[in-house]
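Hi there,

Here is the structure I promised to pass on. Please have it open while you read the notes underneath.

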Amino acid sequence: MQLNAIDYKFYDDSIEYVDWFLVKSKKKILYSRITDITQWQTILERIFGLWTIVVETAWNSSMLRMNYLENTEELFDKINHLVKESSK
């Protein structure tokens with residue numbers, strides 16, 4: 001069984017999320033629809049040096065949570081940059 005069963009792919013116009021664990025699910029979020037990006041840590045994540053990034057959209061109140069990530073500063077900045085570029 002594959003333990004790392006979640007893939008995030010970043011394209012010029014969107015983020016694609018694919019979950020391969022038990023049931024395959026796929027979600028695509030356009031950068032132009034993203035309204036908020038949050039980076040935070042629970043107490044347990046803090047102990048292990050992990051972070052969660054939450055991407056929210058206004059459309060259908062959709063949300064993408066990227067949990068238990070390491071070294072998220074660069075990823076957080078990259079998503080922010082892509083969202084800003086899409087609004088030009």
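Below is what I found in it, starting with confidence and then moving on to the surface and the backbone.

Please keep in mind that this is a predicted model. The average pLDDT for the protein is 86, and 92% of the residues score at least 70. Confidence is highest in helix 1 (residues 43-48), with a mean of 94, and lowest in strand 6 (residues 63-69), with a mean of 87. Both of those elements come up again further down.

Let me begin with charge. Four lysines, K9, K24, K26 and K28, gather on the surface in a patch of positive charge. K9 belongs to strand 1, which covers residues 6-10. Is K9 buried or exposed? The answer lies in between: its relative accessible area is 39%, and K9 counts as partly exposed because that value falls between the 20% and 50% cut-offs.

There is also a nonpolar patch on the surface. I43, L44, I47 and F48 make it, and its area is about 490 Å². I47 sits in helix 1, the element with the highest confidence. With a relative accessibility of 60%, I47 counts as exposed, since the cut-off for that is over 50%.

Next, a contact between two parts of the chain. L30 is in strand 3 (residues 25-30). Its C-alpha atom is separated by 4.2 Å from that of S14, although the two residues are 16 apart along the chain. L30 is partly exposed, at 31% relative accessibility.

Finally, two backbone angles that you may want to look at. Most residues other than glycine have a negative phi. Which residues here have a positive phi although they are not glycines? Y68 is one of them, with a phi of about 55°, and N71 is another, with a phi of about 45°. Y68 lies in strand 6, the element where confidence is lowest. N71 lies in the loop between strand 6 and helix 2 (73-86). As for their surroundings, Y68 is exposed at 58% relative accessibility, and N71 is exposed as well, with a relative accessible area of 69%.

If you would like a place to start, try the lysine patch with K9, then the nonpolar patch with I47, and then Y68 with its positive phi.

Happy browsing, and do write back with any questions.

Best wishes

Terms used:
Residues are numbered from 1 along each chain as its sequence is written. This is a predicted model: local features need pLDDT of at least 70, side-chain atom pairs count only at pLDDT 80 or more; totals for chains, interfaces and linings use all residues. Side-chain values use heavy atoms; hydrogens and water are left out. Patches are made of residues with over 30% relative accessible area and no salt bridge: like charges are joined within 9 Å, nonpolar side chains (Val, Leu, Ile, Met, Phe, Trp, Tyr) within 5 Å. Accessible areas come from the Shrake-Rupley method with a 1.4 Å probe; for residues, only the protein chains shown count as cover. A salt bridge is a side-chain nitrogen of Lys or Arg within 4 Å of a carboxyl oxygen of Asp or Glu. Lys and Arg count as positive and Asp and Glu as negative; His and the chain ends are not counted. The place of a charge is taken as NZ of Lys, CZ of Arg, CG of Asp or CD of Glu. Helices (H or I, at least four residues) and strands (E, at least two) are DSSP runs, numbered from the N terminus. Buried means under 20% relative accessible area, exposed over 50%, partly exposed in between (1.4 Å probe, protein chains only). pLDDT is the predictor's confidence in each residue, from 0 to 100.
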